[in-house]
Amino acid sequence: MTRQSGELLQGTLELLVLRALSLEPMHGWGLAQRIEQMSRDVFQISQGSLYPALQRMKRKGWIRSDWRTTENNRRARYYALTSAGALQLEHETTSWRRASEAVERVLAWEGGTE
Amino acid sequence: MRRLVHRAIAEVRERVRALLFTGRENRELEEELRFHVDRQIEENLRSGLEPREARRQAYLRLGGRSRVREATRDARGVRWIQAVAQDARYGLRGIRKQPGFALTLVLTIGLGVGANAAMFGVVDALLLRPLPYGEPDGLVDVRTFDPESGSIGRYVTLEDAREWTDRQDVLDGAFQHQRGSVLYAGGDEPLSIPVQIVAPSFEEVLRVRPALGRGLEPADAGVGAEPVAVLNDGFWRSAFGADPEALGRVIELDGIRHRIVGVMPKGFKFPTYSHTEAWVALRSDGTGLGQELHRAELTARLRPEDTIETAQARADALAAALGETAPREAPWTVRLSSFSDWRNSAADRSLWFLTAAVGLILLVAILNAMNLLLVRGWSRTRELAARLALGASRTRVIGQLLTEGLVLSLAGGVAAVLFALTALRAMQGIMPPAITFYSPYTVGVEQRTLWFTFLVACTVGIVGGLLPALFATRIGVGALSPATSVHAARTPARSRLRRVIVVAEMAMSVALLVGAGLFINSFTRLVRVDPGFRLEDIAMLNLSLPASEYEDGESRMTFIRALEGRLEAIPGVVGVTTGGGGLPASTYVYGESVQAEGAPPTAGGLPAGGIPLAAVSPDFFDLFDVEILSGRRFGPADAGTDNAIVDVDLARHLWGEASPLGRRFRIGESGNWRTVVGVVGDLRLLGADDRLGDFEILHPAGSGAFSFATLAVRSSGPPEALFPALRDAVHGLSPRQPIADLRTAEAEYMDQIAMPRFLLVLMSMLAGLAIALSTVGIYGVLAYGVAQRRYELAVRIAVGATPPELSRKVLLEGLGLAAAGSTVGVAIALAFSGAIRTLLYGVSPTDPVTIGIVVLGSLAVAAFACWWPARRAGRIDPVRMLNVG
């Protein structure tokens with residue numbers, strides 16, 4: 001299991017969580033799994049940062065949580081996107097795209113002044 | 001924007017949930033994490049790991065369960081609140097263990113802050129709260145101003161007023177108003193109620209709206225329009241039981257039927273008038289309530305771009321133009337004065353003086369709280385040292401001590417509100433009309449007062465708690481050792497601080513006591529002043545004689561004569577006399593000068609309020625025991641003449657030692673010449689304090705022109721017993737005749753010393769409070785000092801000091817502090833002597849007797865406070881004490 005550790009930028013985790021939750025409501029473990037899977041195992045989500053992040057996002061009103069029963073008949077806390085969260089996702093996606101394009105341009109720089 | 005609001009709401013909800021359900025949140029987090037690990041284990045098993053290894057890997061990935069737990073809890077963002085709550089709980093536990101300490105502190109703060117809250121309630125209503133009109137800063141009164149004499153007139157003729165109202169280029173709207181009183185016979189008893197005749201634009205200019213129905217409208221001012229009235233909220237409640245159906249009903253005011261169209265908001269009043277029950281329209285033909293009005297007061301609103309100064313310039317120009325079109329005798333200009341000037345006139349010296357006094361009380365309370373908290377901090381030195389040693393940060397411990405102080409201060413704040421409520425209720429009974437008359441609000445504990453109390457209580461908690469907290473946490477681990485604990489707290493700096501506090505408390509108490517002493521001294525002198533007439537066993541029956549009920553002076557006179565006959569027939573009545581109203585002064589003659597015939601007018605020595613002029617009947621002199629010094633009293637033939645009886649002061653002022661009999665004088669340059677027929681002794685018609693005015697003039701009643709009459713009834717017993725019979729007599733003769741007032745002459749006379757009495761009562765209470773607080777302070781310092789030094793004292797006894805010597809030493813120490821404080825206190829009192837001088841009668845603000853008595857008394861009280869600790873110092877048992885050490 002050699003993996004390149006994907007060091008998450010500050011705030012990126014929240015974006016990833018929002019994105020994952022925009023698919024469907026899920027519990028913490030499922031969320032971590034899903035993000036890992038979506039990032040093709042580049043990002044490994046540490047629980048130590050996931051749960052505080054979820055708590056923070058709940059406080060900001062982006063996500064809400066409730067207790068549901070899983071397919072295996074166990075109680076688990078499910079998180080779901082709120083409308084404020086959906087807006088936030090849109091907002092953060094745009095600014096992420098802009099930033100990553102900019103970073104890409106900087107990295108691809110080969111001299112000259114155009 | 002909406003998003004922001006939603007977010008804020010979500011955030012608050014989450015935090016509140018986190019706070020309220022901390023236990024549940026934690027349990028849920030545990031369950032969540034357990035679920036996570038379980039799923040991870042399942043996953044690991046599925047990928048073929050050994051069960052043991054699967055568990056190990058799962059826990060490994062979780063990365064320290066407690067760290068996750070802590071980080072998640074921190075993310076809830078309520079950590080600091082929980083810390084404060086913990087401190088508060090801890091503080092409360094400590095307080096429960098020492099209820100005596102807590103009670104003393106709560107009482108100290110409650111009384112100190114409560115006195116301030118009560119005073120704030122008064123000052124706020126009178127001065128601070130914005131006037132109850134729209135944009136009150138733009139409102140001005142327009143007065144006439146005579147530049148030659150400098151005199152300012154309140155009234156403007158209606159023609160002039162109309163010019164001012166119409167000219168939009170000078171003012172942004174103006175309206176005339178005039179006060180009057182009318183007969184209202186619709187209730188259980190006929191009443192004479194104060195009303196205002198106003199131009200319908202008043203609501204527009206003042207920017208107020210009626211609370212119910214409509215206000216006066218321009219159509220109401222039309223000639224022949226149906227008379228309408230807008231009621232005062234209070235009158236609507238008392239006369240109609242706050243019935244909304246009262247709108248549209250008809251009431252009779254002075255016999256004229258008025259339709260009720262609206263009710264003004266609660267508490268609405270003009271700053272100029274003490275009270276108004278109804279507003280009726282000033283008609284466009286210059287009449288109001290069926291009578292012609294000639295002149296009225298004029299109130300206006302400045303144009304938005306104007307200040308008083310710029311508006312005044314344009315007003316001057318308009319006044320000059322008006323003066324030319326209609327030439328006048330005297331140069332005629334106007335003076336604009338801000339509406340709020342009325343308020344400032346209410347804030348006379350005494351109000352500020354009392355505010356300063358309660359400020360001192362607050363300082364004493366803060367010092368006392370500080371003192372108590374210092375003692376408490378020291379007695380907990382070991383506990384705090386332990387907390388610090390165990391790793392609590394100093395900030396956290398200071399925070400904890402402050403929280404404790406705040407918890408106690410807030411409890412004190414609650415006590416303060418209760419105290420303020422009681423104090424205000426008590427004060428309302430004795431509050432002089434001079435203070436409340438111009439107040440646009442009634443005095444009471446309002447929301448603003450509660451905020452004030454809360455803020456002050458918190459300030460006391462922080463200010464009083466910070467210094468002790470800083471001192472208490474300046475301790476090393478060494479304080480934990482039992483050997484050093486005894487001495488640890490006795491650093492010189494702390495003892496000095498407490499001494500300074502006690503001296504300061506004592507100083508302020510003595511300053512307040514000197515003030516109270518001076519007021520008491522002054523008041524007793526005022527009460528002992530001979531008013532020049534007899535007040536005992538006299539009932540004063542004040543009647544207003546409405547124009548609607550009496551056709552002319554003759555019918556009034558007939559009524560009065562008939563009433564006198566009925567009153568004299570009541571058993572217990574010894575005599576009756578009728579005057580023009582008041583006690584026994586009826587009218588005040590406003591004049592800039594007084595002039596003896598053949599001599600130039602003199603303006604000096606005239607009282608600001610005018611010279612009282614009493615209309616009296618011939619039997620006045622017998623009934624009130626007024627002695628004629630020279631000349632004669634009035635006889636029946638004097639009625640309607642310009643004959644006058646003056647008091648010796650006026651006679652001396654006008655003619656020196658020459659006999660005034662038969663000479664003529666006049667007040668003002670257009671007044672009637674009055675002929676002196678008699679001289680009476682020094683009368684005090686305006687009250688005992690002759691600085692209000694030295695001169696008195698009596699003139700014969702009986703022309704019948706007055707609309708207000710006072711019948712003085714002398715009784716053989718207590719006059720109060722006659723009140724029901726007097727009322728019955730009036731209503732028996734005329735069921736529609738209102739009784740404006742029925743009181744004893746003594747009560748009416750006491751009204752005139754209401755202000756000194758008010759000052760006296762308040763200052764005495766405040767001074768008593770201060771001395772009680774500082775006594776507690778002195779006692780605390782000494783008792784604590786003795787307890788702290790018990791080892792030292794025990795050693796002294798062991799090596800030969802006698803108990804009386806030790807007691808004396810402690811006593812002298814306490815008295816030394818008290819003496820130092822008294823000295824400073826007297827110095828403060830002397831520094832304030834200029835401010836208090838005009839509030840005193842017949843006693844100098846530096847009166848050595850008063851100051852001496854206060855200082856001796858304070859020292860005696862201090863000695864009493866020292867006595868118990870001193871006795872304890874002498875009773876220390878060296879054997880027991882040193883064995884323990």
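1. Let's start with how chain A is wired in this predicted model. Among its contacts with a separation of 6 or more, 52% are between residues 24 or more positions apart. The chain holds 4 helices and 3 strands, and going along the sequence you meet them as α-β-α-α-β-β-α. Of the 114 residues in chain A, 30% are buried.

2. A word on confidence before going further. Chain A has a mean pLDDT of 82, with 89% of its residues at 70 or more. The start is another matter: residues 1-6 of chain A stay under 50, and the model gives them 8 contacts beyond four places in sequence. Where pLDDT is low, the predicted coordinates should not be read in detail.

3. Next, have a look at helix α2 of chain A, residues 28-38. Which of its residues are buried? They are Gly28(A), Trp29(A), Leu31(A), Ala32(A) and Ile35(A). These sit on the same side of α2(A), because they cover an arc of only 165° around the axis. As for partners, the buried residues of α2(A) pack against α1 (12-21), β1 (26-27), α3 (47-60) and β3 (75-81) of chain A, and also against α2 (22-46) of chain B.

4. Just past that helix, check Arg40(A), in the loop between α2 and α3 of chain A. Its phi is positive, near 50°, and the residue is not a glycine. Is Arg40(A) buried or exposed? Exposed, since there are 7 other C-beta atoms within 10 Å.

5. Chain B has a residue to put beside that one. Glu135(B), in the loop between α6 (99-128) and β1 (139-145) of chain B, has a positive phi near 40°, and is not a glycine either. Glu135(B) counts as partly exposed, because it has 13 C-beta neighbours inside 10 Å.

6. Back in chain A, helix α4 covers residues 83-107. Its 25 residues reach 36 Å from the first C-alpha to the last, close to the 36 Å expected at 1.5 Å a residue. How many of the residues of α4(A) are buried? The count is 2 among 25, so this helix is hardly covered.

7. Finally, the nonpolar cores. The largest has 110 residues, and the members touching the most others are Ile361(B), Ala365(B), Leu512(B), Met763(B), Leu766(B) and Ala770(B). Leaving out residues up to four places away in sequence, Ala365(B) touches Thr108(B), Ile109(B), Leu111(B), Gly112(B), Val113(B), Val460(B) and Leu773(B). Another core, of 55 residues, lies apart from the largest one and includes Val198(B), Ile260(B), Val263(B) and Leu282(B). In soluble globular proteins, nonpolar side chains tend to be buried together.

Conventions
Residues numbered from 1 in each chain as written. Chains lettered and ligands numbered in written order. Predicted model: local features only at pLDDT ≥ 70, side-chain atom pairs only at ≥ 80, totals over all residues. Expected span 1.5 Å × (residues − 1). Buried ≥ 20, exposed ≤ 12 C-beta atoms within 10 Å, placed from the backbone. Contact = placed C-beta atoms within 7 Å. Arc of directions from axis to C-beta. Core = buried A, V, L, I, M, F, W, Y, C linked by C-beta atoms within 7 Å. pLDDT = per-residue confidence, 0-100.
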